[in-house]
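Here is a friendly set of notes for a first look at this protein. Please keep the 3D view open as you read, and take the points in order.

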Amino acid sequence: MGQSASNPTPVGPTHPIGTYRVSELAEELKVFLGEAFPSVWVAGELQRIRLSPSGHLYFELVEKGDHDHIVGRLEGVLFRRDLERVRRLLRRSGQDLVEGREVRCRGAVDVFAAGGRLQLVVREIDPVFSLGMLERRRRELVAELAAAGLFDRNRALALPALPLRVGLVTSVGSAAYHDFMSSLEASGYGFQVVLAATPVQGQGAEVRVAAALSSLRGAEIACAVLVRGGGARSDLQVFDSRVVAEAIARAPFPVLTGLGHEIDQSIADLVAHTSVKTPTMAAELLVDRLEKAEARIRELERALDRGARLPIARSRLYAAGLEHRLRLATDRVAACARRLEEVRMRTANGARGCIRAARHRTRETGARLGRAAPRALERRRPLGEALTRRIAERVEARLRLEDGRVRALERLAAELRPERTLARGFSITRAHDGTLLRDVRQTAPGERITTELAQGRLTSTIDGHDGRTAPGKDGA
């Protein structure tokens, strides 16, 4: 064990006998403690982790009492030859050596003479212990948050149908930042992103994340999105903290999380309004919400269009029916006018023929009477004169009757002339070659047509087969 305390080696002519040199006492303590604690298990929380240029990992193991007051502290070291082996073992269960992690270490107690400090030279770390402590703390925090009514608080907030103004909490320039922003930009929608940049892992990250969420109050955002990239399970420790969970639950806006873990679910995910696995999925959730809103708007537009087109279509059918009946009426009027003109002409021709025949018969009768019986005529002159008068009276009466009928037919024909029909508001439309138009299919868009009215003509250009035309210059 070395020299005993009762017989120390003299340190020189200026030091009295029985006095230790510093290095000698440190060596005595090192040997004593090494024999007393060659291999010991120590549990504590990792703090002040630092990697030396030589590859050794230095840290502190602390024990906390009430209100997180430190009641014990021990310096520790993992030499390079053991560090990689321990890290490989921890990574198999998704863990790493991070500050705040509760660990159970096996090592030897040593005294570092040059530094004048006691330290634990760690050879092994129990991964099961760390997982158990994390799960116990996690369950305790979940129970406390549930008792405080914080699990459904943020979820009760309404996520707007058009979340275009979004708050983003993440490390600026990180893969999570670029994945999220790229997905929004690729959507083509006009998103506005209010960035609250903050580290999302490492010492003090819990407080910084909570402060970043708080900084978005008053930014008039539709929601906030908390994202980070993938990593070890230990990277979720920040999002299993009370301060982050309470910041999410008490936020005045919906908070979405995309923390890059396909399997694990953090407490932040549990208290958030909506949680997804990755930053890209968080962006896709917002884009999908806008796409659904746009689809609903398009469906409403189609419904309005259908609702507006139906009355128009019905009106067009009704107008087409009226136009068809008007064409039939116009054709009937024209046919009647033609028949009346034919009747008038036949009646006039017949009357004139009757008059000519009667006059011819009268002249022949007179001639025969004059030739055959001049004396009898003389004797019966009074009778002949009377007969002549009666014949003349009958002929004149017949002529007056026929003339009255002709005049009545002329008046009826005059009433039914196309000019009078036009004067009553009807019109006659002809193509550019003079063809009478009875069907819109006789025309084509851009063709010029002429409409004859009671007073003058109109020249028009066909816009389409819906009955509307663009008026041209007034005709004769």
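1. Let us start with the cysteines. The number of disulfides in the protein comes to zero, going by a cut-off of 2.5 Å between cysteine sulfur atoms. As a reminder, a disulfide covalently links the sulfur atoms of two cysteines. Please bear in mind that this is a predicted model.

2. Are Cys105 and Cys223 buried or exposed? Cys105 has a relative accessible area of 0% and is buried. Cys223 also counts as buried, at 0% relative accessibility. Both can be called buried because the term applies under 20% relative accessible area.

3. Now for the overall picture. The protein has 476 residues, and 31% of them count as buried. Its secondary structure comprises 11 helices and 14 strands. The accessible surface comes to about 28,800 Å², with 55% of that belonging to carbon and sulfur atoms. If you look at contacts between residues at least 6 apart in sequence, 59% of them join residues at least 24 apart.

4. Next, please find the barrel. Five strands close it in the order β1-β2-β3-β5-β4, and their pairing is mixed. On average, neighbouring strands here are turned by 55° against each other, ignoring direction.

5. The barrel pairings are worth following one at a time. Strand β1 (residues 40-51) runs antiparallel to strand β2 (residues 57-64), and five bridges join them. You can locate this pairing at Gln47, whose bridge partner in β2 is Glu60. By contrast, β3 and β5 run parallel and are joined by three bridges; Val77 has Val121 in β5 as its bridge partner. Strand β4 (residues 102-112) pairs with β5 in the antiparallel sense over eight bridges, and Arg106 is partnered there by Glu124 in β5.

6. Which helix lies across β1, β2, β3 and β5? That is α2 (residues 80-91), which runs at about 45° to β5. In the same view you can pick out β3 at residues 70-78 and β5 at residues 117-125.

7. Moving further along the chain, you will meet an open sheet. Its five strands are ordered β7-β6-β8-β9-β10 and pair in parallel. At the edges are β7 (192-197) and β10 (274-276), each pairing on one side only. From one strand to the next, the twist averages 20°.

8. Within this open sheet, strand β8 (residues 223-227) pairs with strand β9 (residues 255-258) in the parallel sense, over four bridges. To see the two strands side by side, look for Leu226, which stands opposite Thr257 in β9.

9. Helix α4 (residues 175-187) is a good companion to this sheet in the viewer. This helix lies across β6 (165-170), β7 and β8, and its direction is at about 165° to β6.

10. Finally, have a look at Ala249, which is found in helix α6 (residues 242-249). Ala249 counts as buried, at 1% relative accessibility. What is it in contact with, leaving aside neighbours within four places in sequence? The contacts of Ala249 are Leu150, Arg153, Asn154 and Val271. Phe151 is 98 residues away from Ala249 along the chain, with 6.9 Å separating their C-alpha atoms.

How values were computed: Residues numbered from 1 in each chain as written. Predicted model: local features only at pLDDT ≥ 70, side-chain atom pairs only at ≥ 80, totals over all residues. Heavy atoms only, no water. Pairing = 2+ DSSP bridges. Axes fitted to C-alpha atoms, helices over the stretch in contact; angles between N-to-C directions. Contact = heavy atoms within 4.5 Å. Buried < 20%, exposed > 50% of the residue type's maximum accessible area, 1.4 Å probe, protein only. Areas by Shrake-Rupley, 256 points an atom, 1.4 Å probe, with all protein chains shown as cover.
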